[in-house]
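Open the model in a viewer and keep the selection panel at hand. The stops below are meant to be taken in order.

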Amino acid sequence: MANTVNQNPDDIIVAGGGCYDQRHYEDHPDLGTDLISYEHVISPASFELEREAIFKRCWINVGRDTRLPKVGSYFTKEIEILKTSIIVVRGRDKKVRAFHNVCPHRGNKLVWEGDPSEEKSGKCMAFFCKYHGLGYALDGKMQVLKDPDNWFGTQGEDLHLVEVPLESWNGFLFVNFTKGGPKETLREYMGEHIWNALDDLPLDLYTEHVSGKGEINSNWKTLHDAFSEAWHGATLHSEAMVSLRNIIFRAPPTRFDGPHRTAIACGTVPDDYYSFELERVSRSSVTGTRIPPAQPIEAPRAAFNEEQTDWVAVTYTVFPNFQFQVYAPGHIMTYNYWPLAYNRMRFEINQYYQAPRNFSELFAQKTGTAIVLDNIYQDLGTLEATQRGLESCVYDSYPLIDEEHNIRHFHKMVDERLRAYQEELANGNA
Amino acid sequence: MTLPSMFADLERFGDKWDLPDYNARYEARLTSSMDELTDFFETILNRIDAIKAYLDDIPLTEYSDEDKCLARLMFAFGVVGPAVEIFRTQRVPDSGATSFTMTLDTDIA
């Protein structure tokens, strides 16, 4: 049995489509090659600026509409950096809406259970405040006014929940907290490339959903950075990802669309190659199941600038804190990076699979998830060490290698937005 | 715990490994000795072809309680594997400060 496990990573020869010798800085000369500062990773003041300059201006993903299968299905979402919570709910007209999760009577958080900082989901036909029993319909309108004769004028009947603009990208829900309303639609914000990128994906078949979250003592951007380059895999995950060492640790060129980006990991994993027994018997690995699902995913066409048939994963990063990943031969992962403080964050992962047709497929999916989570423990474990190192301020700037150009781009996008907001403040326009 | 009769010899793992979800499985991995993990992993590994062949023959929606127990042992095997084969210790190295919980984990009904 053991002799089928390939322990020597050098045995793999991988076709890379000629992309591995690419020098990213030549493709994106505007990004430069200078050392960069992580001031906005270690500064409480930057955290305050990010609230206004980024999270109150960008479209923010809060989940997928499959969590809302029926009229009245809802979930709440805590968005700590905005000091708010929202309710996302499917109305009687089937439309999904978002509302600030606050009762307009006395300001009590409306939907929660047990601990007001925890998220809640369920199904109901109206939201009742725990404090005085006022009830709000699924469209946010006042529905049940307690003691109607005791209110002044129309102050009671005028109480309605405050709606938050919400739009859907292939079922993935985004909200926008821009003062006065969004300056652009979600489609305009994403750009045509990413907006259309999932058109060929059979998303309706992705009915199997697992989700997890964790809190880490690091800035939210530090995890974004970790998941924006594959170079660390060869060291941090060298034991757990040995079968992939020669495949994904040199990235083909990234496509940038404004602050967003599309990145491809290419290569092929030979069908008979496994780096340990569990991978072999489960037919899964850190890239998830290796059994093609009922409808295998074709390489998302929009991801490729040129012909590229061998691919492992495509990652769409929607600024500021959402990543959508498609893995060959067929599962989907999303990451959300939620700032809690300048040095604390919550990480959320969602995995979607097509319905398994037999036990072997289910076993590959579940074991793939377990292997992914072991790798994620390694990633998360490193973050606090990075935060501690950066906060010691031993260095004021740091180099990035060519392979880390996505990080260079991301931090440039953050810096630009913080600077623009500061200029607005200085000019009295914010 | 009762397993399909041809796998009755694996019932000795039931008390520890017939668990409902990933969180419980990872917790059991952390609180087991490496000897326990290795015994469980290697024993299942030796029977895995027969287990998969047996469970693959039954539509997922028609599992008996015994079949579901067997499936849950296999899912635990998948969580235990990296500890035995890769890390040779229960906890993922250097993950001491990390808290992570699965909040939605579809399992065999």
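The tour goes from the chain interface to a strand, then to single residues and peptide bonds. The model is a predicted one.

**Stop 1: the interface**

Select chains A and B together. The contact set holds 34 residues of chain A and 29 residues of chain B. On the chain A side, β12 (208-216), α8 (277-282) and α9 (359-391) each supply at least two residues. Which of these gives the most? α9(A) does, with 15 residues on the side of chain A that touches chain B. Colour this side by residue type: 14 of its residues are nonpolar, 12 are polar and eight are charged.

Now show β12(A) with strand β1 of chain B, residues 99-105. The two strands pair across the chains in the antiparallel sense, over six bridges. To find the register, pick A:V210; its bridge partner in β1(B) is B:D105.

**Stop 2: strand β17 of chain A**

Select residues 313-318 of chain A, which make up strand β17. Is this strand buried or exposed? Six of its six residues are buried, so by the cut-off each has 20 or more other C-beta atoms within 10 Å of its own. In a regular strand, side chains alternate between the two faces of the sheet. For β17(A) both faces are covered: A:A313, A:T315 and A:T317 are buried on one side, and A:V314, A:Y316 and A:V318 are buried on the other.

Next add the strands that pair with β17(A). Strand β14 of chain A (residues 260-265) runs antiparallel to β17(A) and is joined to it by five bridges. A:A263 has A:T315 as its bridge partner in β17(A). Strand β18 of chain A (residues 322-327) is also antiparallel to β17(A), with six bridges between them. Here the partner of A:Y316 is A:F324. β17(A) and β18(A) form a hairpin, with three residues between them.

**Stop 3: two cis peptide bonds**

Most residues other than glycine have a negative phi, and most peptide bonds are trans. Zoom in on the loop between β17 and β18 of chain A, where A:P320 lies. The bond joining A:F319 and A:P320 is cis, with omega about 5°. Then move to the loop between β18 and β19 (331-341) of chain A, which holds A:P329. A:A328 and A:P329 are likewise joined by a cis peptide bond, with omega about 0°.

**Stop 4: two positive phi values**

Select A:K94, in the loop between β3 (84-90) and β4 of chain A. A:K94 is not a glycine, yet its phi is positive, about 75°. A:K94 counts as exposed because it has 9 C-beta neighbours inside 10 Å.

Go on to A:R283, in the loop between α8 and β15 (284-285) of chain A. Phi of A:R283 is also positive, near 50°, in a residue other than glycine. A:R283 has 18 C-beta neighbours inside 10 Å and therefore counts as partly exposed.

**Stop 5: A:R97**

Finish at A:R97, in strand β4 (residues 96-100) of chain A. Why does A:R97 count as buried? The reason is the count of C-beta neighbours inside 10 Å, which is 21. Beyond the neighbours within four places in sequence, the contacts of A:R97 are A:V89, A:G91, A:D139, A:G140, A:E163 and A:L166. As a last check, draw a distance from A:R97 to A:H409: their C-alpha atoms are separated by 33 Å, and the two residues are 312 residues apart along the chain.

Conventions: Residues are numbered from 1 along each chain as its sequence is written. Chains are lettered from A and ligands numbered from 1 in the order in which they are written. This is a predicted model: local features need pLDDT of at least 70, side-chain atom pairs count only at pLDDT 80 or more; totals for chains, interfaces and linings use all residues. Two residues are in contact if their C-beta atoms, placed from the backbone, lie within 7 Å. Helices (H or I, at least four residues) and strands (E, at least two) are DSSP runs, numbered from the N terminus. Ala, Val, Leu, Ile, Met, Phe, Trp, Tyr, Cys and Pro count as nonpolar, Asp, Glu, Lys and Arg as charged, and the others, Gly among them, as polar. Two strands pair if DSSP finds at least two bridges between them. A residue is buried if 20 or more other C-beta atoms lie within 10 Å of its own, exposed if 12 or fewer, and partly exposed in between; C-beta atoms are placed from the backbone.
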